[in-house]
Amino acid sequence: MFLSVMSNTEVFDITLPVPQPLTVTGWLFEFWCRHSVIPAMVVRGERFIVFDNARVHRRNVLRALFWAAGIEMYFSPPYSPWF
């Protein structure tokens with residue numbers, strides 16, 4: 001499994017490989033966002049990011065990090081079989 005970041009024009013060249021059976025923890029995701037995702041978004045001039053509703057995406061520290069970088073966070077709606 002791996003995590004990736006993409007915009008409407010490209011897939012960023014920053015991926016986070018996660019060997020199985022490991023999972024992504026909150027601190028690992030925060031470290032990746034702080035040191036890879038946010039700097040790459042700022043350099044490219046990206047102003048918003050969309051997450052699904054995974055628990056690691058909803059950490060308050062992430063909201064503060066993205067807000068400090070001027071990046072708005074949005075979340076996809078909860079899963080529904082009707083979408």
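Student: In this predicted model, what makes E46 a buried residue without a salt bridge?

Tutor: E46 is buried, and the nearest side chain of opposite charge, R44, is 6.1 Å away. A salt bridge requires a nitrogen within 4 Å of a carboxyl oxygen, so E46 has none. E46 is found in the loop between helix 1 and strand 3, where it touches S7, F12, M41 and I71, not counting residues up to four places away in sequence.

Student: Why is the contact between D13 and R44 called a salt bridge?

Tutor: The N to O distance between the side chains of D13 and R44 is 3.5 Å. The limit is 4 Å, and therefore the pair qualifies as a salt bridge. This pair links distant parts of the chain, since D13 lies in strand 2 and R44 in helix 1, 31 residues apart.

Student: Is D13 buried or exposed, and how do you know?

Tutor: D13 has a relative accessibility of 67%. Exposed means over 50%, so D13 counts as exposed. R44, at 31%, is partly exposed, because that class lies between 20% and 50%.

Student: What makes E30, R34 and R59 a network?

Tutor: The side chains of R34 and E30 meet in a salt bridge at 2.8 Å, N to O, and those of E30 and R59 meet in another at 3.2 Å. Both values satisfy the 4 Å limit, so E30, R34 and R59 are linked in a network of salt bridges. R34 and E30 are separated by about one helical turn, because they are four residues apart in helix 1. E30 and R59 are 29 residues apart, with R59 in the loop between strand 3 and helix 2.

Student: Why is E30 called buried?

Tutor: The relative accessible area of E30 is 15%. Buried means under 20%, so E30 is buried. R34, at 38%, is partly exposed, and R59, at 29%, also counts as partly exposed.

Student: Which elements supply the largest nonpolar core, and which residues touch the most other members?

Tutor: Of its 21 residues, F29, V37, M41, I49, L62 and F66 touch the most other members. Strand 2, helix 1, strand 3 and helix 2 each supply at least two residues, and helix 1 gives the most, with seven. M41 touches F12, E46, F48, I49, F66 and I71, not counting residues up to four places away in sequence.

Student: How do you know that V50 is exposed?

Tutor: V50 has a relative accessible area of 52%; the threshold is over 50%, so V50 is exposed. V50 is found in strand 3 and forms a nonpolar surface patch with F48 and Y74, with about 310 Å² of accessible area together.

Note on methods: Residues are numbered from 1 along each chain as its sequence is written. This is a predicted model: local features need pLDDT of at least 70, side-chain atom pairs count only at pLDDT 80 or more; totals for chains, interfaces and linings use all residues. Side-chain values use heavy atoms; hydrogens and water are left out. A nonpolar core is a set of buried Ala, Val, Leu, Ile, Met, Phe, Trp, Tyr and Cys residues joined through side-chain atoms within 4.5 Å. Buried means under 20% relative accessible area, exposed over 50%, partly exposed in between (1.4 Å probe, protein chains only). Contact means heavy atoms within 4.5 Å. Patches are made of residues with over 30% relative accessible area and no salt bridge: like charges are joined within 9 Å, nonpolar side chains (Val, Leu, Ile, Met, Phe, Trp, Tyr) within 5 Å. Accessible areas come from the Shrake-Rupley method with a 1.4 Å probe; for residues, only the protein chains shown count as cover. Lys and Arg count as positive and Asp and Glu as negative; His and the chain ends are not counted.
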